[in-house]
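Here are a few exercises on pockets, each with a worked solution. Grab the model, have a look around, and try each task before reading on.

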Amino acid sequence: MPLIGFDEIVGQKHIIDIMRSSLRDARVSHAYIFDGPSGVGKRTAARAYAGALLCAEPRENGPCGLCAVCVQLASNNCMDLYEVDIEERRIVIDQIRNLQSDIIKRPLYSERKVYIINNAETMTGEAQNALLKTLENPPGYVVLILVTSNYDALYPTIKSRTVRYSFRRNSRDEVKLILDKKLGPNFPHRDFLEAYADGAAGAALDMSMVEGLPEANEEIINVIFLLKKGGVSQIIKAYQFFEKHKEVYPVISKMMRFAFRDLLNARIGGAEGELINNDKKDIILRNAPDFSTASLLNCIDAIDESERALNSNTNFELMIKVMLLKMQEEMSQ
Ligand SMILES: [Zn+2]
């Protein structure tokens with residue numbers, strides 16, 4: 001875990017303020033839940049708070065960066081910090097038992113020991129029950145931080161013994177700031193990534209790392225126009241695109257929704273319509289009048305249906321071809 005100051009967290013001021021005052025007044029709870037949507041900075045905040053709690057002389061911005069503990073934190077080698085994360089899609093009881101056998105050992109370098117449980121919602125029932133025993137009677141030096149994007153998945157008995165910090169979606173400006181910081185000011189496809197973030201900068205950062213994605217976003221509009229021409233052969237051609245990006249279908253599906261939303265906005269608002277794919281404004285404006293509003297809305301419905309079908313384990317090829325056929329029928333009317 002690198003050393004993280006509070007100034008690295010964009011937004012979430014309501015939480016940073018509470019963290020700061022808790023450090024100032026030395027009013028620290030034994031257990032916290034950091035909850036909120038994925039990709040809004042919960043884990044980063046948990047690490048910043050952990051650093052400040054462990055540091056010998058925390059400052060307004062969190063850890064001092066100079067003391068022995070901070071040096072350890074900066075080199076990813078702090079014995080008083082313990083992180084738990086998913087193994088094989090879950091957090092199982094053995095991981096909590098390991099944590100518990102560590103908890104009974106006193107801190108080595110700090111006044112405290114901090115335990116971060118990431119993706120806490122994936123704890124099995126057994127794991128949650130085991131953790132409960134620790135929450136009922138933790139040693140005085142322990143601070144536990146449960147990080148989750150699904151608060152409801154945690155047992156009420158766990159919730160009642162923790163202090164909850166709820167993280168909010170990032171504003172559009174915050175997303176911009178985070179992407180600029182992490183990807184540099186001239187990163188490609190920025191309009192698309194900003195829109196894709198939808199209030200969670202982390203989602204866009206993940207997206208920026210998917211291979212071949214910019215090209216896929218270029219192609220998607222052409223796939224739609226191809227389908228509109230009608231005919232089975234176009235469906236087969238269009239399907240190849242989806243087969244190629246099968247592993248990242250949720251991303252592709254979101255792109256497709258954006259493309260139809262852009263066509264719809266151009267159809268309704270003309271040149272004034274606000275587009276996500278601003279770089280393709282010309283081609284979208286030129287083609288939008290060929291689509292009816294109803295057909296565009298129905299195509300978006302077809303995408304929603306395909307997502308539901310995919311979640312219920314329907315055959316991928318069948319699901320996509322059914323969707324493409326529906327779209328084609330809509331667009332050719
Ligand atoms: Zn320090």
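**Exercise 1.** How much space lies in the largest pocket?

*Solution.* Keep in mind that this is a predicted model. The largest pocket holds about 780 Å³ of space.

**Exercise 2.** Work out which residues and elements line the largest pocket.

*Solution.* Start at the middle: Gly39, Val40, Gly41, Thr44 and Gly202 lie nearest the centre, out of 28 lining residues. Next, go through the secondary structure. At least two lining residues come from each of α2 (42-54), β4 (142-148), α7 (172-183) and α9 (201-208). The top contributor is α9, which puts in five residues. Then step back to the domains: domain 1 (6-166) and domain 2 (172-208) each give at least three residues to this lining.

**Exercise 3.** How do the residues lining the largest pocket divide into nonpolar, polar and charged?

*Solution.* Sort the lining by class and you get ten nonpolar, ten polar and eight charged residues.

**Exercise 4.** Now do the same for the second largest pocket: find its volume, its lining and its domains.

*Solution.* First, the volume comes out at about 280 Å³. Second, the lining has 18 residues, with Arg172, Ala195, Glu274, Leu275 and Ile276 nearest the centre. Third, check the helices: α7, α8 (190-197) and α12 (249-269) each supply at least two of the lining residues. Fourth, the class split is four nonpolar, six polar and eight charged. Finally, domain 2 (172-208) and domain 3 (213-331) each provide at least three residues of this lining.

Terms used:
Residues are numbered from 1 along each chain as its sequence is written. This is a predicted model: local features need pLDDT of at least 70, side-chain atom pairs count only at pLDDT 80 or more; totals for chains, interfaces and linings use all residues. Side-chain values use heavy atoms; hydrogens and water are left out. On a 1 Å grid over the protein atoms alone, a cavity is a set of points where a 1.4 Å probe fits but cannot get out, and a pocket is an open set with protein on both sides within 12 Å along at least five of seven lines; lining residues have an atom within 4 Å of a point. Grid points are joined across faces, edges and corners, and a volume is the space filled by probe spheres set on the points. Helices (H or I, at least four residues) and strands (E, at least two) are DSSP runs, numbered from the N terminus. Ala, Val, Leu, Ile, Met, Phe, Trp, Tyr, Cys and Pro count as nonpolar, Asp, Glu, Lys and Arg as charged, and the others, Gly among them, as polar. Domain bounds come from an automatic or database domain assignment.
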